[in-house]
Amino acid sequence: MPVLREIGLLATCAPRGAQSEIHPISHAALVWENDTIRWVGKEVDLPEQYSGWEGKTAGGNLVIPGLIDAHTHLAFGGWRAEEFELRILGKSYLEIAESGGGILSTVARTRAATFEELRSRADEHLQGMARLGITTVEAKSGYGLSLEHELRLLQVYRDLADPQRPRIIPTLLAAHVVPPEYRARRAAYIRLIIEQIIPGASGIASFCDVFVEKSAFTIEEGREVLEAGVRHGLQPKLHADQLSDTGGAALAAEIGAVSADHLERVSDSGIEKLAAAGVVAVSLPLASLYLAAAPIPARRLIEAGVSVAVATDFNPGSAPSYHLPFALTLACTLQRMTPAEALKGATIIAARALGVEHDTGSLEAGKRADFAIVKAPSVEHWLYQLTENACQLTVASGREIWRVA
């Protein structure tokens, strides 16, 4: 039953108000019991009933809600470092894919890996995420592309569920690309997803995702897959309008998706539809950086009334880093989001993109005790001064899962 005192600034990131409003409290205290926050406010106002509880100090530092990475491809085999130089030399994402690289090269390596190899690597990534202040991670399949291998990836995520790790929220992405063995039989692969993979993932995954793109799946195919997911209890998500404006944002709005992710090429019409439907836009600035692509038009989205989350897109090809704080800095520099908007995008808005805003994403009484202590005087200073890691302590569900030595 601890009380965290001497908090220089606490960013509550409450859901009310604009994206720029993080509702900070200076000289704050935070009380939690077991896995639940009991009280948050100014230290001078700490209720008498908590005065005798175990005291901990934040050392005058910044306290934020546990960060939420709302878009990752956590488990995969191998890396794709060879593509890094190819892109520098002018090869496009699609050219690399057409020459045998890209997603399908990771599919081959993932299929060849054992369950234990995949689990061990994903666990290593999770531990690294915890050190950065991340307490919740969305984790996609999508590198198996068969009934056996897609379900195996989801089982890796289920097996990693543990109070000493960040919480994993699994997403089925069987509709990532068409696998080689179905290249001449697209309709048969769609049937496999709908008739076997989605039913097999029901009860394991929370979401069904589709990559709607010229090199992946059409609007019609995406709609068919997502509607099948809904029938089996999987909420819809989309990789939308990343490399071209294919109308993915409009499909996300039409089908009531929880989020539309990427959106680098989203149209004005797509933005209007996302705003009207209340779909969260998930921005992925690390992918924009690595692909040397124009970033998501975050300012236009926010000004239109669309909530913008910030995530890493951690994967072995286009975003080979899970450093969410760095992604937040890139959201400021590339996407022209303010530090407060970026932080809210990786906390309560990211929680909305995962359907968990009822229990995490903000520091409020009754929510999970998920928070991090950051060595910085303010959110602005934290995201402005790029360091290896400013996180001093990470607490998830009331348990310390990382502390600086």
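**Aromatic pairs and two helix contacts**

Phe314 has a relative accessibility of 1%, so this residue counts as buried. Before I go on, a reminder that we are looking at a predicted model.

Let me stay with Phe314. Its ring pairs with that of Phe76 in an edge-to-face arrangement, with 5.6 Å from centre to centre and 65° between the planes. Where in the chain do Phe76 and Phe314 sit? Phe76 is in the loop between β6 (67-69) and α1 (81-88), while Phe314 is in the loop between β13 (308-310) and α12 (324-333). The two are 238 residues apart, and the pair links distant parts of the chain. Phe76 has a relative accessibility of 2%, so Phe76 is buried as well.

A second pair to look at is Tyr182 with Tyr189. The ring centres are 5.4 Å apart and the planes stand at 45°, so this pair is classed as tilted. Are these two tyrosines buried or exposed? Both Tyr182 and Tyr189 are buried.

For the overall count, the structure has 9 aromatic pairs. There is also an aromatic cluster made up of Phe76, Trp79, Tyr143, Phe314 and Tyr322, and it takes in both phenylalanines of the edge-to-face pair I described.

Now the helices. I have two contacts to show.

The first is between α5, residues 147-159, and α6, residues 186-201. Their axes come within 10 Å and cross at roughly 15°. Angles under 35 degrees count as roughly parallel, and α5 and α6 are therefore roughly parallel to each other. The crossing is right-handed. Which residues meet here? From α5 there are Leu147, Glu150, Leu151 and Leu154, and from α6 there are Gln196, Ile197, Gly200 and Ala201. Sorted by class, the α5 and α6 contact has 5 nonpolar residues, 2 polar and 1 charged.

The second contact is between α7, residues 219-231, and α8, residues 248-255. Here the axes come within 11 Å, and the crossing angle is roughly 30°. That value makes α7 roughly parallel to α8. The crossing of α7 and α8 is right-handed. On the α7 side the contact uses Ile219, Gly222, Arg223, Leu226 and Glu227. On the α8 side it uses Gly248, Leu251, Glu254 and Ile255. How many residues of each class are in the contact of α7 with α8? The division is 4 nonpolar, 2 polar and 3 charged.

Key:
Residues numbered from 1 in each chain as written. Predicted model: local features only at pLDDT ≥ 70, side-chain atom pairs only at ≥ 80, totals over all residues. Heavy atoms only, no water. Axes fitted to C-alpha atoms, helices over the stretch in contact; angles between N-to-C directions. Helix = DSSP H or I, 4+ residues; strand = E, 2+ residues; numbered from the N terminus. Parallel < 35°, antiparallel > 145°, perpendicular 65-115°, else oblique. Left-handed = near helix turned anticlockwise from the far one by under 90°. Contact = heavy atoms within 4.5 Å. Nonpolar A, V, L, I, M, F, W, Y, C, P; charged D, E, K, R; others polar. Phe/Tyr/Trp six-rings, centres within 6.5 Å; stacked < 30°, edge-to-face > 60°. Buried < 20%, exposed > 50% of the residue type's maximum accessible area, 1.4 Å probe, protein only.
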